[in-house]
Amino acid sequence: MPIRVLSRDVASQIAAGEVVERPASVVKELVENSIDAGARDVRVETRDGGKKLIRVADDGLGVPADEVEIAFERHSTSKLNSADDLDRITTLGFRGEALASIAAVSHVTFVTRAADESIGVLLRIEGGRIITRQESGRPPGTGVSVENLFFNVPARRKFLRTNRTERRHIDAWLTRYAMAYPQIRFTLAHDDKVTFQSPGSGGLRDVLIAVYNLEIGAALLEITPADAQPAPDIRVTGFVSPPSLHRANRTYITLFVNGRWVQDASLSYAVIQAYHSLIPHGRYPLAVVMVDLPPADVDVNVHPAKSEVRFRDGDVVFRAVQKAVRQTLLQRSPTPVATRTAMAWPTSFDRRREERLDRLSHLESSATGRQLRFEERASDRSDAEESVLAPATDRIPPLRVIGQVGATYVVAEGPAGMYLIDQHAAHERVLFEQLLSQREQARVASQVLLEPQSVELGAEAAGLLEEHLEVLDSLGFQVEPFGGNTMLVRAVPAIVAQASPGNVLEDVAAALDAGDAPLVETLEEKVARHVCKRAAIKAGQVMSRAEMEELIRALEQCENPLTCPHGRPTMIHLTVERLAQEFGR
Ligand code: ADP
Ligand code: MG
């Protein structure tokens, strides 16, 4: 094909694709505009997960009547004049791309009235073309309705997920902005039902109660200003969980830089690192941390939609966050946890450095390996008093099985004392690591059913499975859509061969539906966790000595034998010293 300049329509659709990925991106951009316009009340409504309709209404400054059309031009903004201004950005928007992009791929109705004008303007735009402009009454502020998103981009429309998944992405953005701007009252309604509202009281704790619940909201500790700040112009505020409150993954760490939600592995790790030795290995805090620093010290112009920032001096920011959180924990934590965890968590056996390095080099090529190496690097620059190596993989020593208690726990003895092992949790851990390592080598033990079985599921579940057939495939399933909400199961992972395929598929769908945790685990891991839970031996089941021994031997082989894949402990360790102490010897 000869070289040709793309038509305006095609070019603007391509550009729009960078900004508008899914309904949640529209919500994000419109809400940012409302915040930038100084709104105190922002209402968001959606229909069909935002695919059919997204409406955002605010009581902000509005757009002057003679600027309404310009607002929809590409690269038109009231927030930036020259390239130098990029160093002084204090608004969320500045690229002037959002309205143009959204209008290029949907039907937009924009109604606005500037605070000092007596009547408003209504503009209707379809696929980037202005269809109507008329005067319109409305209180000062702006309301934007976005209908039929991607009506002219079938390829994009095809990639949209179920309504529920799209709603979840929208929920995530709205709660983030509610946290970052507690003085604004946000209301979110899906299909005419209000699902979230922040009070707009100005107090972040009030927002956290609305986002999580009263119990969590009340338990969170407010970050106290660090007294010896590594950098005086970096301010760290927010709330962090006390060490007694933790989660199985790091998705509950929410970070903002200058009022902008960011994903930043290094800053998340700064928070996690502050909990070093305070919470069990493999568990993560819940935290909402705001970092404020001079705009010139951070580059927010990394990508049109991605939530990434670049710091001029990342190390200083890392230390400021780590220190503020650590200090808060040490000052505010209700009880020293070390004494409580000393009993539950084996700290005494060898965490030999070789073992750790071994594991690191062994994992080097995989994604988790990269994460681990990063964590090690990050922990190296922590304060000297904490230069202890981050907890290594706590392999367990060889154990001698003594017996079973309550058909639920295995009692064992090791060189350092007595171990009480939860048979279900331990078995889950064993199956989980086996399944994932089989998957890595692409040889998952799969059991072909004697006769393919058809399983009828709910619409959501069937949709989710259909979206993720390749994930199922990699874990040893052979499943295919069989019309309607029915799936045909030909094979399942061997470990769940005994379970009903219907139950197993429902577990898998639940796993696929259980929210995003992109940083911590892959979808495969998430699904594997649920499958292993179904497959593991239950509490209340009597085990023979041989079975117990087999379980303990397998647990000894595990990389992370101390917790089940869901993060609960697999064992309680009573050290010889502890026993002596309890008996007053
Ligand atoms: P940007 O936010 O990067 O400036 P947008 O395309 O999102 O670019 O918006 C273009 C302009 O339209 C903004 O700079 C602002 O002046 C105006 N605008 C958009 N939404 C609103 C709103 N809700 N209230 C007031 N002005 C708005
Ligand atoms: Mg904008």
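The legends below describe an overview and several close-up views of a predicted model.

**Figure 1. Overview of the predicted protein of 585 residues.** The secondary structure consists of 20 helices and 22 strands. Buried residues account for 50% of the protein. When contacts between residues at least 6 apart in sequence are considered, 69% of them join residues at least 24 apart. The protein has an accessible surface of about 27800 Å², and carbon and sulfur atoms contribute 51% of that surface.

**Figure 2. Surroundings of ligand 1.** The ligand has 19 residues around it, of which Asn33, Thr77, Ser78, Lys79 and Gly96 come nearest. Two side chains place a polar atom 2.5 Å from an oxygen atom of ligand 1: one belongs to threonine 77, the other to serine 78. The backbone also takes part, with a polar backbone atom of leucine 99 at 2.9 Å from an oxygen atom of ligand 1. On its own, ligand 1 has 530 Å² of accessible area, and the protein covers 92% of this area. Helices α2 (23-36) and α4 (98-104) are the elements that give two or more residues to the shell. Sorted by class, the shell holds nine polar, six nonpolar and four charged residues.

**Figure 3. Glutamate 97 in the loop before α4.** Glutamate 97 belongs to the loop between α3 (68-71) and α4. Its relative accessibility is 15%, so glutamate 97 counts as buried, the limit being under 20%. The side chains of glutamate 97 and arginine 95 make a polar contact at 3.2 Å.

**Figure 4. Threonine 142 and its contacts in strand β6.** Strand β6 spans residues 141-147 and includes threonine 142. With a relative accessible area of 8%, threonine 142 is buried. Beyond its neighbours within four places in sequence, threonine 142 is in contact with Val56, Ala57, Asp58, Gly62 and Val63, and also with Phe110, Val111 and Thr112. For Thr112 there is a polar contact between side chains, at 2.9 Å from threonine 142. Valine 111 is 31 residues away from threonine 142 along the chain, yet their C-alpha atoms are separated by 5.7 Å.

**Figure 5. Valine 531 in helix α18, with cysteine 532 next in the sequence.** Helix α18 covers residues 523-535, valine 531 among them. Valine 531 has a relative accessibility of 1% and therefore counts as buried. Leaving out residues up to four places away in sequence, valine 531 touches Phe477, Pro493, Ile495, Val496 and Val508. Aspartate 507 lies 24 residues from valine 531 in sequence, with a C-alpha to C-alpha distance of 6.7 Å. Cysteine 532 is buried as well, at 0% relative accessibility.

**Figure 6. Histidine 573 in strand β22.** Residues 571-575 form strand β22, where histidine 573 is found. Histidine 573 counts as buried because its relative accessibility is 1%. A polar atom of the histidine 573 side chain lies 3.1 Å from the backbone oxygen of alanine 416.

**Figure 7. Cysteine 532 and cysteine 564 in a structure with zero disulfides.** A search of the whole structure finds no disulfide. Cysteine 532 has a relative accessibility of 0% and is buried. Cysteine 564 is also buried, with a relative accessible area of 1%.

**Figure 8. Aspartate 191, a residue with positive phi in the loop between β7 and β8.** The flanking strands are β7 (185-190) and β8 (193-197). Phi of aspartate 191 is near 45°, a positive value in a residue that is not glycine. Partly exposed covers the range between under 20% and over 50%, so aspartate 191, at 31% relative accessibility, counts as partly exposed.

**Figure 9. Alanine 407, a residue with positive phi in the loop between β16 and β17.** Alanine 407 lies between strands β16 (400-405) and β17 (409-414). Phi is near 50° for alanine 407, again a positive value in a residue other than glycine. Alanine 407 has a relative accessibility of 16% and so counts as buried.

How values were computed:
Residues are numbered from 1 along each chain as its sequence is written. Chains are lettered from A and ligands numbered from 1 in the order in which they are written. This is a predicted model: local features need pLDDT of at least 70, side-chain atom pairs count only at pLDDT 80 or more; totals for chains, interfaces and linings use all residues. Side-chain values use heavy atoms; hydrogens and water are left out. A disulfide is a pair of cysteine sulfur atoms within 2.5 Å. Buried means under 20% relative accessible area, exposed over 50%, partly exposed in between (1.4 Å probe, protein chains only). A residue is near a molecule or strand if one of its heavy atoms lies within 4 Å of it. A polar contact is a pair of N or O atoms within 3.5 Å; within protein, one must be able to donate a hydrogen and the other to accept it, and residues adjacent in sequence count only if both atoms are side-chain atoms. Accessible areas come from the Shrake-Rupley method with a 1.4 Å probe; for residues, only the protein chains shown count as cover. Helices (H or I, at least four residues) and strands (E, at least two) are DSSP runs, numbered from the N terminus. Ala, Val, Leu, Ile, Met, Phe, Trp, Tyr, Cys and Pro count as nonpolar, Asp, Glu, Lys and Arg as charged, and the others, Gly among them, as polar. Contact means heavy atoms within 4.5 Å.
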